Amino acid sequence: MSGAALRTLAAQAGIAVQWTDAFDQEQQVADDSLRAMLAALQLPAGDDRQCAESLALLRAQDSGAQWPPMLTAAVGRAVTLPGKLPPGARYRLQLEGGAAVMEGRLKTGKDGKTEVPVQQTPGYHTLEAGGRRCVLAVAPQRCFSVADAMMGSTPAAGLPWGLAAQVYSLRRAHDGGLADFSAIESLVQAAARQGASALALSPLHAMFSAAPERFSPYAPSSRMFFNVLHIDPACVLGEASLRQAIAELPGCAAAFEQLEAGDLVDWPQAATWRLRLLRLLFERWHRTAAPDQEGFRQFCDHGGQDLLDHACFEALDAWLRRQWPEGGAGSDWRRWPQAVRDPRGQAVRDFVRDQAEDVDFHRFLQWQASLARERVQREARNAGMALGVVADLAVGADPGGSQAWGLQPAMLPGLNVGAPPDRLAPQGQDWGLGALSPRALREQGFAPWLAMLRANMAHSGGIRIDHVLGLRRLWLVPQGAPSSAGAYLRFPQQDLLRLAALESLRHRAVVIGEDLGTVPPGFSGQLAEAGVLGIRALWFQREGRSFLPPQDWPASAMATTSTHDLSTVAGWWAGRDIDRREALGLLGNQPGVAQSARSEREADKAALQEALQEVLQEDTIADDHPPDEPPLGAVLAYVGSTPAPLVLAPLEDVLGIVEQPNLPGTVEGHPNWRQRLPRAAAALLETPDARRRLALLAAARRRAPAGMPGYQEAAE
């Protein structure tokens with residue numbers, strides 16, 4: 001077999017056959033990895049003949065002889081059409097909703113390609129020309145912005161700021177040991193009282209109800225639905241019904257008392273009791289013919305096949321576990337009996353019919369979660385937040401979960417999302433997450449991408465896209481291979497960004513892209529041009545040892561002190577992250593490494609103190625923390641002084657929490673995604689320390705330069 005033929009095919013399919021590592025060394029992707037990736041793209045490459053056939057298929061698709069179901073365009077720019085159409089051929093554009101029809105003749109652009117004249121109306125329109133037809137998605141030139149959201153705000157209030165919360169960490173009285181939407185509502189009210197414009201939440205994606213021990217919010221079963229474990233059972237039928245249900249479950253009250261007292265979330269126990277309660281309440285609701293039955297039916301109709309697939313997965317997963325209690329299929333549809341691996345198969349249709357109440361239970365839970373999520377955003381806006389809740393869209397979902405089961409034709413089977421080897425992870429990373437296929441996205445008119453955007457922007461003032469670099473390329477690793485054996489796969493960045501901008505406008509939701517890490521040249525500029533805010537965290541805003549002064553931070557990115565994968569300010573100051581990594585063997589086995597890290601940290605602390613003193617003296621903000629304690633208020637004021645259009649302060653840094661939410665590279669040894677905050681959500685911000693730190697942040701935002709494009713105009 002010719003290696004040249006394989007590599008030509010791979011390059012045509014968007015696979016980078018070579019890449020530059022963190023040490024500026026060129027690396028070649030192995031032939032076996034290329035074949036595995038091509039197989040996932042439904043492009044056989046076992047020999048020269050298959051390579052030639054797959055290459056011919058790609059070239060035929062790229063020729064434009066047949067249009068894909070959807071083309072994207074931008075307002076104010078001509079629309080270049082794929083393929084060859086005779087100059088002057090007639091076209092017909094039916095605007096979305098049937099409001100108007102535009103007709104005319106195609107033009108020839110400077111590059112000789114056929115164009116539809118400039119469009120000015122955003123929307124999903126229907127284009128016909130030359131016997132071909134497609135949806136033309138015309139997007140605004142940029143996403144809905146923070147300036148748009150702040151329209152009408154008082155300029156004296158300064159640039160906006162908000163908080164970032166790990167949902168599972170929140171508490172409230174009688175919550176059964178697991179945070180719920182009512183706790184989020186309490187935090188929204190508390191944050192709004194302090195002047196916050198936004199509350200960013202950790203992912204609320206659907207997990208595995210039958211496997212609550214799998215609780216990482218960034219490894220969900222589906223990114224299109226909610227984690228139903230965050231439902232407050234009292235919101236289903238009221239407090240009286242909840243008390244009765246607790247009384248009917250022997251041991252429930254005692255279990256709740258024990259779970260609520262813990263410093264860590266006991267996910268399996270808390271989830272088991274909550275689901276039992278929700279099942280009892282659902283059965284009572286189902287029997288009583290409640291007046292909101294019609295609302296439930298409308299929700300199911302609107303959710304359609306995607307909702308039915310997810311509910312069926314949840315019911316089927318639990319049913320299979322009851323059949324094989326020793327492990328069996330283990331919440332991974334790829335290990336299920338062959339007959340139920342196909343969600344469109346007869347066996348699954350029979351299951352839906354025979355277990356209709358179980359399936360409805362899981363649709364009911366999604367309905368309740370959706371209603372609760374809507375209440376949270378409504379409460380945020382009523383409390384005066386200009387943005388309200390900012391949702392988090394994880395980079396991928398578990399390849400054995402409900403989204404991958406229901407969308408099998410859209411997935412990349414046999415590949416996991418990860419990261420190439422770098423200085424922090426010399427062996428590379430395999431995150432164990434599945435990814436959508438760029439070929440399937442085009443062939444399906446980007447329906448899976450649009451479904452995720454709409455699901456996460458609904459009832460939100462914004463959305464954070466985790467690892468936004470994935471809109472350009474993803475590092476994908478063949479399952480079973482080392483992480484270093486992966487390769488980059490190109491994605492249709494322009495199309496994905498345009499659709500994000502269009503949905504952003506429709507939902508009036510800002511878009512934030514987590515662009516930390518190895519960023520391709522020019523990528524951050526392209527995000528800024530599309531109106532997607534990048535993220536800048538204090539720890540990375542450096543020039544050598546020195547911290548960048550606030551005025552040198554970009555006005556095109558959100559600013560923050562830290563993220564869920566990095567040390568908190570208090571933990572960094574105390575060297576807690578170094579202690580943890582040393583104890584877990586994550587610093588390597590070279591003698592003196594830990595001591596060297598601690599010495600470097602002392603130098604970094606001195607550099608931070610120097611940077612803070614310069615800014616604080618200039619702004620006359622009192623630095624009143626004791627010498628041995630972390631300068632939490634000063635750090636928040638420092639980040640708040642940047643021209644960033646939005647600053648998000650992690651709750652951990654407002655409260656002085658030492659432990660970081662997640663320590664990457666660990667499963668045991670650190671309480672990842674389990675730590676509960678010390679007080680109820682309603683009272684978190686009422687302590688003198690918290691109030692003082694937030695006051696310093698708010699004051700800094702009032703003095704910060706208005707570098708956000710259009711902010712002053714919008715505010716005035």
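This is a short tour of a predicted model, stop by stop.

**Stop 1: a buried arginine**

Select R693. It sits in helix α23, which spans residues 688-703. Is R693 buried or exposed? Its relative accessibility is 11%, so R693 counts as buried; the cut-off for buried is under 20%.

Now show what surrounds R693. Set aside the neighbours within four places in sequence. R693 is then in contact with L632, G633, L636, D653, V654, L655 and G656. Zoom in on V654. Its backbone oxygen lies 2.8 Å from a polar atom of the R693 side chain.

Next, add G486 to the selection. How far apart are the C-alpha atoms of R693 and G486? The separation is 45 Å, and the two residues are 207 apart along the chain.

**Stop 2: two residues with positive phi**

Select Q42. Look in the loop between α2 (31-40) and α3. Phi of Q42 is near 60°, a positive value in a residue other than glycine. Q42 has a relative accessible area of 54%, so it is exposed; exposed means over 50%.

Move on to F446. It lies in the loop between α14 and α15 (447-457). Phi of F446 is near 60° as well, again a positive value in a residue other than glycine. Is F446 buried or exposed? With a relative accessible area of 2%, F446 is buried.

**Stop 3: a pair of strands**

Select strand β21, residues 510-513. Turn the view and follow the side chains. V510 and I512 point one way. V511 and G513 point the other way. All four are buried. In a regular strand the side chains alternate between the two faces of the sheet.

Add strand β18, residues 462-465. In which sense do β18 and β21 pair? They pair in the parallel sense, over 4 bridges. To line them up, find G462, which stands opposite V510 in β21.

**Stop 4: the second largest pocket**

Select D62, P68, L71, P82 and R442. The second largest pocket has a volume of about 1,100 Å³. Of the 38 residues that line it, those five are the closest to its centre.

Colour the elements that build the lining. α3 (48-62), β3 (70-74), β4 (79-80), α14 (438-443) and α16 (493-507) each supply at least two residues. Which element gives the largest share of this lining? It is β3, with 5 residues. By class, the pocket lining has 19 nonpolar, 10 polar and 9 charged residues.

**Stop 5: the cavities**

How many cavities of 30 Å³ or more are there? The count is 6.

Begin with the largest cavity, whose volume is about 330 Å³. Select A164, R464, S562, T563 and H564, the closest to its centre of the 27 residues that line it. The elements giving two or more residues to this lining are β11 (161-165), β12 (198-201), β15 (388-393), β25 (557-560), β26 (647-650) and α22 (651-655). The largest share, 3 residues, comes from β15. The lining divides into 14 nonpolar, 8 polar and 5 charged residues.

End at the second largest cavity, with a volume of about 200 Å³. Select R223, V395, W449, G470 and L471. Of the 18 lining residues, these are the closest to the centre of the second largest cavity. Its lining has 13 nonpolar, 3 polar and 2 charged residues.

Definitions and conventions
Residues numbered from 1 in each chain as written. Predicted model: local features only at pLDDT ≥ 70, side-chain atom pairs only at ≥ 80, totals over all residues. Heavy atoms only, no water. Buried < 20%, exposed > 50% of the residue type's maximum accessible area, 1.4 Å probe, protein only. Contact = heavy atoms within 4.5 Å. Polar contact = N/O pair within 3.5 Å; in protein donor to acceptor, adjacent residues only side chain to side chain. 1 Å grid on protein atoms, 1.4 Å probe; cavity = no way out; pocket = protein on both sides within 12 Å on 5 of 7 lines; lining within 4 Å. Points joined across faces, edges and corners; volume = space filled by probe spheres on them. Nonpolar A, V, L, I, M, F, W, Y, C, P; charged D, E, K, R; others polar. Pairing = 2+ DSSP bridges.
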